[in-house]
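Colleague: I should like to learn how to read the features of a protein model. May we go through them in turn, beginning with empty space inside the protein?

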Amino acid sequence: MSARLFLSSGDLMADRRYGFARDLQLKGHLVAAADLLLQAIELAPKFTSAWFTLGEIRRQLGEREAAITAFRAAQGADPADRHGAGLRLMRLGAEQVSSMPQAYVQTLFDQYAPRFEAALVGDLGYRGPALLFKAVLSVRSAAKKPAFFKRAVDLGCGTGLAAAAFARNVDRFIGVDLAPRMIEKARSTGLYAELEVDDMLQGLRSRPDASAELILAADAFVYVADLAPVLAEARRVLTAGGLLAFTTETHGGEGVILGAGMRYAHSASCVRVSVEAADLKLSRLEDLSARNEDSVPAPGLVAVASKT
Ligand SMILES: C[S@@+](CC[C@H](N)C(=O)[O-])C[C@H]1O[C@@H](n2cnc3c(N)ncnc32)[C@H](O)[C@@H]1O
């Protein structure tokens, strides 16, 4: 899904060598590509994109230690880590699974915004909002309450697909997303009363106590390693009886892992424990996949938690 990010070195020769190296990499000539990248790095030692690509090639070649060195150099050259070198280090087991660099998420989705819906809904069969809608209707129907909500907060709202699914059931939607270009798309739908470019945790922190009947996170917690802080804040913002509905990707083991697609997967027990720790009641937890990966449903969970 990610478009290749290129951060110019500022040196024309180095940038050209990088371009040739990328061509070679794509054709599978990895050793030659690595040589060219080293030449580019010699010309521009702080060339983040070259270091990052070198890290990927070293990893593809099975040279783990050299890959780690290159990814660390990429991180050092761009401390905001727009390429997500830190995530590659987590995947290589060189660093503990921890939070995602905000600049990485922002850059990824700003790049992705123009083709997001076609790629996600069209190519990956994305169905997160519809699954959340169905789950929320079921929980409300079991509680014999109408599925109508005055105020809803959409965490990681993206282009607004979740608000579209719930449009008839919510009076007033607030959207929060890290990526300004995703927020621009969401604004153009006219579905949101308020939109904020912010981290979801900060966005919730700025909301008053008991100020939303519904909080949604559709395919957004896959970018959050530790769910505990956001769940605790969601509880504070929900009214009594309010619902938090979210999707996650999942795996058969324990805890949270970072998958090959650079998205976190939370085990079912990890979701259960996090929901309970936030003093929310897990009203529904189903094994349902929100999207495909390599044309196969990616293992996923759909959860609805209630504030009692
Ligand atoms: C896969 S998209 C899903 C968008 C939307 N919820 C939907 O269902 O189409 C994930 C969105 O979450 C946003 N995001 C990821 N981490 C975030 C965070 N910590 N705070 C706010 N937004 C975040 C991304 O910018 C992106 O727009």
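Modeller: Certainly. This is a predicted model. The largest cavity is lined by Asp219, Thr247, Thr248, Glu249, Arg263, Ala290, Arg291 and Ala298.

Colleague: How is empty space of this kind found, and how many cavities of 30 Å³ or more are counted here?

Modeller: In general, rolling a probe the size of a water molecule over the atoms shows where empty space is left. In this structure, the count comes to 1 cavity of 30 Å³ or more. The space in the largest cavity is about 40 Å³.

Colleague: Which classes of residue make up the lining of the largest cavity?

Modeller: The lining of the largest cavity has 4 charged, 2 polar and 2 nonpolar residues.

Colleague: Let us turn to the ligand. Which residues around the ligand come nearest?

Modeller: There are 19 residues around the ligand, and of these Tyr126, Gly156, Asp177, Asp199 and Met200 come nearest. By class, the shell around the ligand divides into 13 nonpolar, 4 charged and 2 polar residues.

Colleague: Which ligand atoms lie opposite Asp177 and Asp199?

Modeller: For Asp177, a polar side-chain atom lies 2.6 Å from an oxygen atom of the ligand. For Asp199, an N or O atom in the side chain is 2.7 Å from a nitrogen atom of the ligand. Leu178 contributes a polar backbone atom, 3.2 Å from a nitrogen atom of the ligand.

Colleague: How much of the ligand does the protein bury?

Modeller: The ligand taken alone exposes 600 Å², and the protein buries 98% of that.

Colleague: Finally, how many aromatic pairs are there?

Modeller: The count comes to 11 aromatic pairs. One of them joins Tyr18 and Phe47 in a tilted arrangement, with 5.6 Å from centre to centre and 45° between the planes.

Colleague: Why does the pair of Tyr18 and Phe47 tie together parts that are apart in sequence?

Modeller: Tyr18 lies in helix H1 (residues 12-26), whereas Phe47 lies in the loop between helix H2 (30-43) and helix H3 (48-60), so the pair ties together parts 29 residues apart in sequence.

Note on methods. Residues numbered from 1 in each chain as written. Predicted model: local features only at pLDDT ≥ 70, side-chain atom pairs only at ≥ 80, totals over all residues. Heavy atoms only, no water. 1 Å grid on protein atoms, 1.4 Å probe; cavity = no way out; pocket = protein on both sides within 12 Å on 5 of 7 lines; lining within 4 Å. Points joined across faces, edges and corners; volume = space filled by probe spheres on them. Nonpolar A, V, L, I, M, F, W, Y, C, P; charged D, E, K, R; others polar. Near = heavy atom within 4 Å. Polar contact = N/O pair within 3.5 Å; in protein donor to acceptor, adjacent residues only side chain to side chain. Areas by Shrake-Rupley, 256 points an atom, 1.4 Å probe, with all protein chains shown as cover. Phe/Tyr/Trp six-rings, centres within 6.5 Å; stacked < 30°, edge-to-face > 60°. Helix = DSSP H or I, 4+ residues; strand = E, 2+ residues; numbered from the N terminus.
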